[in-house]
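Trainee: I would like to learn how to read a structure like this one. Please take me through the features in turn.

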Amino acid sequence: MKTGKRLKGVVISRPIVYGNIAIELPTQKSNNTHKWTVFLRGPNGQDISSFIHKVEFKLHETFVNNNRAFKTAPYEVTETGWGEFEIITKIYFPLSSGEKPISLYHMLKLYPPDSQAQTWPKGKPVNNFFYDELIFSDPTEEFFDALTKSAAGPEIPLKATGNHIFSLESEAAECKRLESAVSQVTEKYNEYKGRAQAAEIEIAELRRDIAALDAAR
Ligand code: SLL
């Protein structure tokens, strides 16, 4: 019989994707301008329910019953609304795991980033999602079994398809974006550094001129 004995020295992680997708409503019958879904799932559509007891999504208090709890997959809430706000996703693990709940904080995004607002095609969904890993140290035997139950197959797909929006490709594209941002910042930094150096030289020259004028008085 299993006893809640912990597997000392074992560290195990499970990938997750969480966030939201939103789309502008074509016809607005109320104040609500967007339809959105906030979700927690495996990046490759894996069944994560084998190691999750309950997921709660805490919405803004302007929503009726703003604490939405799910004991079975899919862990997601679809709503209509008008504003962006922070959603707290609290993950509870089975009692036999002895693990404390984990809270994830995510900003519900309805609008495209300012830099793309002008060119965003009408009706194109807005995404704001994150890849993360839940890490467990010294899991109980029972929890270890639950964690490894659905581990078959690649954990992150190569390409994004349908619901599997996080992929190795999207990760690589994000890395490229970050690299290009870093090189733009470095370029600007060097440009300003050069300008600052030139200004320093000019200041020194002017100081010398002032000193010479003062001496000649
Ligand atoms: C804002 N601080 O002002 C945020 C709050 C709240 C959004 C956003 C409710 C919809 C409904 C809704 O969308 N609340 O009650 O059906 O932007």
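Mentor: We will go through the sheets, then one residue, then the ligand. Keep in mind that this is a predicted model.

Trainee: How do strands of a sheet pair?

Mentor: Strands pair through backbone hydrogen bonds, and the pairing is either parallel or antiparallel. Here, one open sheet has 4 strands in the order 5-2-1-8, with antiparallel pairing. Its edge strands are strand 5 (75-81) and strand 8 (126-137), and each of these pairs on one side only. From one strand to the next, the twist averages 10 degrees.

Trainee: How many bridges are there between strand 1 and strand 2?

Mentor: Strand 1 (residues 11-24) and strand 2 (residues 34-41) pair over 8 bridges, in the antiparallel sense. To see one position, find Y18, which stands opposite L40 in strand 2.

Trainee: What is the order of the strands in the other sheet?

Mentor: That open sheet of 4 strands has the order 4-3-6-7, again with antiparallel pairing. Strand 4 and strand 7 (102-107) are the edge strands, each pairing on one side only. The twist in this sheet averages 20 degrees from one strand to the next.

Trainee: Which strands pair with strand 3?

Mentor: Strand 6 (residues 86-92) pairs with strand 3 in the antiparallel sense over 5 bridges. Strand 4 (residues 67-70) is joined to strand 3 by 4 bridges, and these two also run antiparallel. Two residues of strand 3 let you check this: E56 has K90 of strand 6 as its bridge partner, and V55 has F70 of strand 4.

Trainee: Is strand 3 mostly covered or mostly open?

Mentor: Strand 3 (residues 54-58) is mostly covered, as 4 of its 5 residues are buried. As a general idea, the side chains of a regular strand alternate between the two faces of the sheet.

Trainee: Why does G9 count as exposed?

Mentor: A residue counts as exposed when its relative accessible area is over 50%. G9 is exposed because its relative accessibility is 66%. You will find G9 in the segment before strand 1. The C-alpha atoms of G9 and I201 are separated by 60 Å, and the two residues are 192 residues apart along the chain.

Trainee: Now the ligand. Which residues are around the ligand?

Mentor: Start by listing the shell. The residues around the ligand are N32, H60, T62, F63, T80, G81, W82, G83 and E84. Sorted by class, this shell has 2 nonpolar, 6 polar and 1 charged residues.

Trainee: Where do N or O atoms of the protein lie 3.1 Å, 2.9 Å or 2.8 Å from an atom of the ligand?

Mentor: Take the side chains, then the backbone. In the side chain of N32, an N or O atom is 3.1 Å from an oxygen atom of the ligand. In the side chain of T62, an N or O atom is 2.9 Å from a nitrogen atom of the ligand. W82 takes part through its backbone: one of its backbone N or O atoms lies 2.8 Å from an oxygen atom of the ligand.

Trainee: What percentage of the ligand's accessible area does the protein cover?

Mentor: On its own, the ligand has 460 Å² of accessible area, and the protein covers 67% of that.

Technical notes:
Residues numbered from 1 in each chain as written. Predicted model: local features only at pLDDT ≥ 70, side-chain atom pairs only at ≥ 80, totals over all residues. Heavy atoms only, no water. Near = heavy atom within 4 Å. Polar contact = N/O pair within 3.5 Å; in protein donor to acceptor, adjacent residues only side chain to side chain. Areas by Shrake-Rupley, 256 points an atom, 1.4 Å probe, with all protein chains shown as cover. Nonpolar A, V, L, I, M, F, W, Y, C, P; charged D, E, K, R; others polar. Buried < 20%, exposed > 50% of the residue type's maximum accessible area, 1.4 Å probe, protein only. Pairing = 2+ DSSP bridges. Axes fitted to C-alpha atoms, helices over the stretch in contact; angles between N-to-C directions.
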